[in-house]
Amino acid sequence: MRSREDETLARAAVTALTRQLELAPKPGLPDPRDLDARVTRQDHCAHRWSAKALAPGLAAMAAAARRTGAPTPELRAELGAIGRSTEHSVALAGGGHRGATWVLGLLVAAAALEPGARGRELAATAKRIAAHPDRRAPRRPSRGSSVSATYGAAGARGEARAGFPHIRRALDALSGARSSGAPEPQARLDALLTVMSTLQDTELLYTAGPHGLRHVQAGARTVLDAGGTSTDAGREALAALDADLHARAWSPRGSASLLAGALFADSLPVVPR
């Protein structure tokens with residue numbers, strides 16, 4: 001049975017995903033500017049609506065973790081089963097968020113296991129859950145696993161098993177941007193670009209290949225090297241990168257999911273122990 005705490009964690013995760021969706025401009029990713037165009041308006045609204053469809057599944061993951069009480073193989077298998085059911089519900093609601101289901105599901109479960117954990121500690125608990133194989137997972141390879149095998153990229157599972165290093169990098173970028181006086185939207189965009197600058201995004205590898213991935217990483221670094229999105233030079237570089245990726249139809253969706261995970265981890269209150 002789901003508790004009030006489970007529902008609260010699920011809502012916090014959905015809020016983090018919504019905050020990621022609200023950022024603009026996000027290079028190659030849906031954002032509120034899409035509301036100016038009819039086709040892309042439908043796409044962006046579907047993403048926002050389907051984000052809410054994640055809530056019941058995320059609450060069930062939190063409940064499973066709280067009931068199990070430890071990062072066991074049994075918990076990993078149960079989270080996988082809930083995640084697959086949740087992805088089906090989200091698809092019926094009209095959106096994607098497959099990567100976000102994996103990232104946020106693990107982090108919500110970790111937060112239920114370790115109340116009060118934030119940041120690196122939360123990522124470490126998620127790592128212990130992800131270390132176990134999903135014994136109930138379908139045996140057919142996914143697109144992400146096929147790309148990972150072809151190019152040697154860590155992929156979403158490798159990222160989790162490594163303790164979400166890019167979520168940790170995003171949290172550091174958020175802290176650094178805030179300390180320098182950057183407004184919150186720009187701090188979050190800088191965190192997104194920090195992830196994009198080094199992540200081996202399997203979605204980009206699938207659509208653009210290794211050359212395209214390196215092109216996107218270099219573009220993200222150009223924005224950061226220009227001073228980030230709070231500076232005139234950084235905003236100009238961001239606009240150029242955004243136009244370029246939309247023209248090429250290249251979408252760094254893996255980076256967006258990890259940013260949502262970082263925003264969730266960042267939003268959790270500090271609980272005295």
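# A walk through an all-helix model

Start by selecting Gln20: apart from residues up to four places away in sequence, Gln20 touches Lys26, Ala256, Leu259, Ala260 and Leu263. Gln20 sits in helix α1. Is Gln20 buried or exposed? Its relative accessible area is 5%, so Gln20 is buried. Keep in mind as you click around that this is a predicted model.

**Zoom out**

Now show the whole chain as a cartoon. You should see 13 helices and zero strands. Reading from the N terminus, the order of elements is α-α-α-α-α-α-α-α-α-α-α-α-α. Of the 273 residues in the protein, 49% are buried. If you take contacts with a separation of 6 or more, 74% of them are between residues 24 or more positions apart. Switch on a surface and you are looking at about 12500 Å² of accessible area, with 54% of that belonging to carbon and sulfur atoms.

**Helix α1 against helix α3**

Go back to α1 and colour it together with helix α3, residues 55-68. The two pack at an angle of about 135°, and their axes are 8 Å apart. Angles over 145 degrees would count as roughly antiparallel, so α1 and α3 come out as oblique to each other. Their crossing is right-handed. To see who makes the contact, show side chains for Glu5, Asp6, Glu7, Leu9, Ala10, Ala13 and Val14 on the α1 side, and for Ala55, Leu58, Ala59, Ala62, Ala63 and Arg66 on the α3 side.

**The loop after α1**

Follow the chain out of α1 (4-22) into the loop that leads to α2 (38-52), and stop at Pro25. What is the peptide bond from Ala24 to Pro25, cis or trans? It is cis, with omega near -5°. For context, most peptide bonds are trans.

**Asp134 and its arginine partner**

Next, select Asp134. You'll find Asp134 in the loop between α6 (119-130) and α7 (143-151). Although it is a loop residue, Asp134 is buried, at 11% relative accessible area. Which side chain does the side chain of Asp134 meet in a polar contact of 2.9 Å? That partner is Arg84. Show the neighbours too: leaving out residues up to four places away in sequence, Asp134 touches Arg76, Ala77, Gly80 and Arg84.

**Two residues with positive phi**

Time for some backbone. Most residues other than glycine have a negative phi. Two stops on this tour go the other way.

- Phe164 has a positive phi of about 50° and is not a glycine. Look for Phe164 in the loop between α8 (155-161) and α9 (165-179). With a relative accessibility of 0%, Phe164 counts as buried.
- Ala249 also isn't a glycine, and its phi is positive at about 60°. Ala249 belongs to the loop between α12 and α13 (253-267). Buried or exposed, which is Ala249? Ala249 is exposed, with a relative accessible area of 61%.

**Helix α10 against helix α12**

From Ala249, step back along the chain to helix α12, residues 232-248, and bring up helix α10, residues 184-196, alongside. These helices pack at an angle of about 55°, with 13 Å between their axes. That angle makes α10 oblique to α12. This crossing is left-handed. The α10 residues to show for the contact are Leu189, Leu193 and Met196, and they meet Leu238, Leu241 and Leu245 of α12.

**Measure a couple of distances**

While α12 is on screen, pick Asp242, which lies in that helix. Asp242 is buried, at 6% relative accessible area. How many residues apart in sequence are Asp242 and Ala220? They are 22 residues apart in sequence, and C-alpha to C-alpha they are 9.9 Å apart in space.

For the last stop, select Thr222 in helix α11, which covers residues 202-225. Thr222 is partly exposed, with a relative accessible area of 45%. Draw a line from the C-alpha of Thr222 to the C-alpha of Gly234: the two are 12 residues apart in sequence and 7.9 Å apart in space.

Methods: Residues numbered from 1 in each chain as written. Predicted model: local features only at pLDDT ≥ 70, side-chain atom pairs only at ≥ 80, totals over all residues. Heavy atoms only, no water. Helix = DSSP H or I, 4+ residues; strand = E, 2+ residues; numbered from the N terminus. Buried < 20%, exposed > 50% of the residue type's maximum accessible area, 1.4 Å probe, protein only. Polar contact = N/O pair within 3.5 Å; in protein donor to acceptor, adjacent residues only side chain to side chain. Contact = heavy atoms within 4.5 Å. Areas by Shrake-Rupley, 256 points an atom, 1.4 Å probe, with all protein chains shown as cover. Axes fitted to C-alpha atoms, helices over the stretch in contact; angles between N-to-C directions. Parallel < 35°, antiparallel > 145°, perpendicular 65-115°, else oblique. Left-handed = near helix turned anticlockwise from the far one by under 90°.
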